[in-house]
Each structure stands twice: as C-alpha cells, then as structure tokens.
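User: I'm just starting out with protein structures, and I'd like a close look at a single part of this one. Could you walk me through chain B and the way its helices pack?

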Amino acid sequence: MFGLIGHLTSLEHAQALAYELGYLEYAERDLDFWCMAPPQTLDEIKVRSLTGQVIEGRYIESCFVPEMLSQNRFKAATRKVINAMAHAQKQGIDITALGGFTSIIFENFNLEQIRDVRNVSLDFKRFTTGNTHTAYIITRQMELVAPEMGIDLEHACILVCGATGDIGSAVCRWLAYHFPKADLLLVARNHQRLQEFQQELGTGRILSLTEALPLADVVVWVASMPKGMDIDPTQLKHPCLMIDGGYPKNLRTKIQHPQVRVLQGGMVEHALDIDWKVISSLVDMNVLERQMYACFAEAMILEFEGWHTNFSWGRNQITLEKMAQIGAASVKHGFRPLLR
Amino acid sequence: MVERGATLDYQSEAYRDAYSRINAIVIEGEQEAAENYVHIAELLADHREELLSLAKMESRHKKGFEACGRNLQVTPDLPFAKQFFAKLRANFQKAFAVGDVVTCLLIQALIIEAFAISAYNIYIPVADPFARKITEGVVKDEYLHLNFGQRWLKEHFAEVKDRLKEANRENLPLVWQMLNEVEEDAAQLGMEKAALVEDFLIAYGDALAEIGFTTREVMQLTAMGLAA
C-alpha cells in the first residue's frame, strides 16, 4: 500500500474544504485550532497503471497549513509532519510520499533526529520526498516546451532559483550534464552553501535573483516560500519559460504576459484510472482532474514497482541515474509531464 | 519538540511551584485510575482479575510519581488535584451507581488514559532525568490500559455506540476545561497546550477508531466542545 501525506494551500482553503466535506467542527476554526488538529486519513485510493496493475493507497491530511510557517508556529508545523508520518506507519503503509511543504519542513527542521513518536519508532525507509520524480518531470517539461517557444537549451541562459535545494541541485546536475554549453545561473538564499555547490557542480554562475531574472530564457523556480513571490514580467527576457516548481505554485496567476509562459512545475498528467472519492482536485485548487504532484506520483510508482524504500531522501542525493530510473517507470505506468 | 528542555531550571521556585500542582494531578490521576478500575471490575466480573491487576499497576505508577515530587523536593498540592478531577470523578461515580459500564470505560479507559498518555508523551522530552525514566516506564504500561477499554468496547460496539457518543458529549468538554486550567503550569514545565491537545486527540481518536467509529465520526467526537 502507498500513502500520500498532503496539506491544504491556506487556512482559508482548509476551512472551506472542511465545510465542503461536512466537518463543521473544523470549518469555522482559526489557526490555533489547526495547530492542535491531528492527522486524518481522508481517502482510500485505487490506481490502475497502463500495465493493468492495480494498487491501493491512502491520502493522509496532515492538517498543516502554510500560515504556520509565516506566523512562526514552527513547533506546530513540525508536529504536523511527524504525527502524519507516525499515522501513516501505524496503518502499515509501505511507502508514503511527503507532499508540498511537509518534506521541506522535515528537511529544514532536521526532523530526522526525532525517531520515536509515542509508541511508534519511525522507519524512514517507508517515506520518500518524491523529489527525484519531481526533478525528472521538471527537466522533461523544460526539454519539451523550450523548443516550442524557440528557446534552444543548448545555448540558453537558464536560471535555477533554489539551486542548492534537493530538487534544484538535481536539475542543475542534469543541466550541467546534458547542456554543458548553456549559461547556468545559480540563485539561492544561503550564499555559502551556493558556493560549495558551484564548486561541486564545476559550472554555473552565482548571481542575485534581481541580476539573474532579466538574463534568463528559462527560469526554473524551485524555492518554496510560505507566501509566494512577486515578479514583474516586463523585467523578464521575452520569450521566457518559467517552470514554477516551488510552493505555492502561484506564479502563473501573478505573471500574465504574452511572451512569458508559466508552467506548473513538477506536475504530472496521468492516463491512469484513479478512484479517489474526496481528494482529487479538492486538495489543491490549482490542480485539475487527471493532474497530480510528481512527488505523489513517485509513491505510486514505487508501489507499482515494489520498490519499498526511501527512493528520495535527504538533501543533494539525487543522481542522474535515479532520475532516469524513476523516469522510465513513470512513463511505463502512464504519467506524463504537465505541459499546459 | 525539537529542543529538549534545554532552558528549564528544575530547581527554580517557579518550576517547583508549577510542579507542585502538575505532580499532584498526576498522583491523584493515578490514584483515581486505580479506584476506577476496582469499580469497573465490579461491573465486569468476567474481567475481574485483569482489571484488578490494572488497578495495581496504577498504584505502582502513583508511587513512581510521588518519588518524582520528592526528588525535586516538591510537596504535591493534593487538594488542588482533587478539585481538578472533581467533575470527571462525579460523572464516573454517577455512571457506576447505575451500572453504566460504557460510560465508566469511556471516562477511565479512554479519556483519562488518553489524557495521561498525551501528557506523559509531551512531558518526557522536557522532564528532569529522574522523572523522565519513571515516566517512560509508565507510558509503556498506559498503552496496555487503553487497549483493555478498546477491546471491550469494540466487542460490544453495536450495542454501546450511542451510549459512547452520549458519554463523550457529557465528558469530553470537561477535558478541555481541565487543560485550560493547567495551561500556565504546564507551560512552566515546558509543555505546550497545543501539543498536549494534539497528542490527546491522536490517542483518543485512535482508540475511538479502533473501537469502530468511522473517520468522520472520530473527527466529530474528538472535536466535541473543543472550540467552546
């Protein structure tokens, strides 16, 4: 069985969804209440692959909302993640993806040091961040859409914002290997980490975001911030391909310009039959039917393939081989990068 | 939960003052638990021995927590603790008097046990080394008690379901009142109310789900009176 640990996009969204699902006890409550709310298994899911194989899974709502980060409720945020993981493990789920902010919180707050949660000793092998598949999908989105826009990746200027993160570093490695002549711009908040990464990568230029944005033919946005980001599209190169793989994915609504194309990064479309009663598009208002986060899809792929292991774990561990491996399995089971 | 009580001064006046009430609550809670299991044993004669052995275990826990107080040279404020449990105790006595074993089990084997487990779980990372050791041992036992009530109620789920809902409505709001009452003292010991409530909701919700309630019912039952 696979699991998906998710969260809602905002407090307002959480309240609206609780109302829609008939959980009135949760619908009218403020952030304090959500800080106390325990994880819930909200859906049982059946998925049929292109190969005909059928697997089962569960969606676990962590009750985390991004306001917990923007309002410094860090303890609550970390509890949501750890408790959702313990909840998944108690149900005997073999492989569970940490969706959205939950994997970022796990990483940034070093939750690896917390093993024992009540009477559960967390087995991290049962969890995956899904980042390898997300990185693979982002590179496919880039490869498929850039030529349509007349952008030649061989000679393009490509900005990766969040370059030292798990997904960002994987995308950079992929770019450095496949497009060694491209002008790779590296942007990240932690300058020291960025310099170390540049040395490890052996290529790329370190710039500030404001310096880099006007230069880029392609922007891969894989930084995550609780509140999102404002970018002026007139300051961008035209044409410009933006792949919004961060969280929340709201660049599309903020950037409207005929010469700028914004893709929802790290999203897949699927040709699979998925039976999920309550979740599907409800969980994220930006996600439509037959679309899904690539990180969630990774848990499904791992379950299909019987790879019950933390395929994606830790920071900076994603290799090109693993991206290729998960990519081949992704295609086999019916996932495609979202190109619209 | 990440930092481990690094800034707590276990010998400070403020800590020991708060501890006198929290420690008393724990001692009194274990004492009442022991008495409650003896009462429940009268109602469930078939399980008499198991219940009496649970009662004995609770008495052992009580002694352990008395030692924790002595270790910090704190005198537990037992009158405060008796008052703290008065309403829940009265409800238990009322149910026992009419032979309402379902309500008795809900109060003792579900609510009080879940309350204890969550409090101990949140306390362990911030406890002084002596108390930590004792509390860790107690927590292991507490999971067993929760299981007894769960097992019995699960076996009789169809006939006890409505009574459980009613008993939940009557008693769960008392838990929130009790938590509010000790919020400041708990904070002094490094225990955050939101964490306590969340842990309680998990333990209590898990028990209700195990007994047979659906996710939807569990969410409704556990949130009863929380926002009031």
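Analyst: Sure, let's start with overall shape. Chain B has 228 residues, and a compact globule of that length would have a radius of gyration near 17 Å; the value for chain B is 17 Å, so the two agree. Keep in mind that this is a predicted model. If you draw a box along the principal axes, the C-alpha atoms of chain B fill roughly 50 × 35 × 30 Å.

What is the chain built from? You'll find 9 helices and 0 strands in chain B. Reading from the N terminus, the order is simply α-α-α-α-α-α-α-α-α. Of the 228 residues, 44% are buried. Now take the contacts in chain B with a separation of 6 or more: 78% of them join residues 24 or more positions apart.

Let's zoom in on one pair of helices. Helix H4 of chain B covers residues 101-123, and helix H8 of chain B covers residues 193-211. Their axes come within 8 Å and cross at roughly 135°. An angle over 145 degrees would count as roughly antiparallel, and 65 to 115 as roughly perpendicular; H4(B) and H8(B) are therefore oblique to each other. As for handedness, the crossing of H4(B) and H8(B) is right-handed.

Which residues actually meet there? On the H4(B) side, the contact is made by B:Leu110, B:Ile111, B:Ala114, B:Phe115, B:Ile117, B:Ser118, B:Ala119, B:Asn121 and B:Ile122. Facing them from H8(B) are B:Ala195, B:Leu196, B:Asp199, B:Phe200, B:Ala203, B:Tyr204 and B:Ala207. Sort this contact by class and you get 13 nonpolar, 2 polar and 1 charged residues.

Chain B also has a neighbour, so here's a quick look outward. The contact between the chains takes 17 residues from chain B and 19 residues from chain A. On the chain A side, the elements that give two or more residues are helix H2 (24-27), helix H3 (31-36), strand S2 (40-48) and helix H5 (74-90) of chain A. H5(A) provides the largest share of that side, with 5 residues. By class, the side of chain A that touches chain B has 9 nonpolar, 5 polar and 5 charged residues.

Methods
Residues are numbered from 1 along each chain as its sequence is written. Chains are lettered from A and ligands numbered from 1 in the order in which they are written. This is a predicted model: local features need pLDDT of at least 70, side-chain atom pairs count only at pLDDT 80 or more; totals for chains, interfaces and linings use all residues. Two residues are in contact if their C-beta atoms, placed from the backbone, lie within 7 Å. Helices (H or I, at least four residues) and strands (E, at least two) are DSSP runs, numbered from the N terminus. Ala, Val, Leu, Ile, Met, Phe, Trp, Tyr, Cys and Pro count as nonpolar, Asp, Glu, Lys and Arg as charged, and the others, Gly among them, as polar. The radius of gyration is taken over C-alpha atoms; the globule rule is 2.2 Å times the number of residues to the power 0.38. A residue is buried if 20 or more other C-beta atoms lie within 10 Å of its own, exposed if 12 or fewer, and partly exposed in between; C-beta atoms are placed from the backbone. Axes are lines fitted to C-alpha atoms, for helices over the stretch in contact, and angles run from 0 to 180 degrees between N-to-C directions. Angles under 35 degrees count as roughly parallel, over 145 as roughly antiparallel, 65 to 115 as roughly perpendicular and the rest as oblique. A crossing is left-handed if the near helix is turned anticlockwise from the far one by less than a right angle, and right-handed if clockwise.
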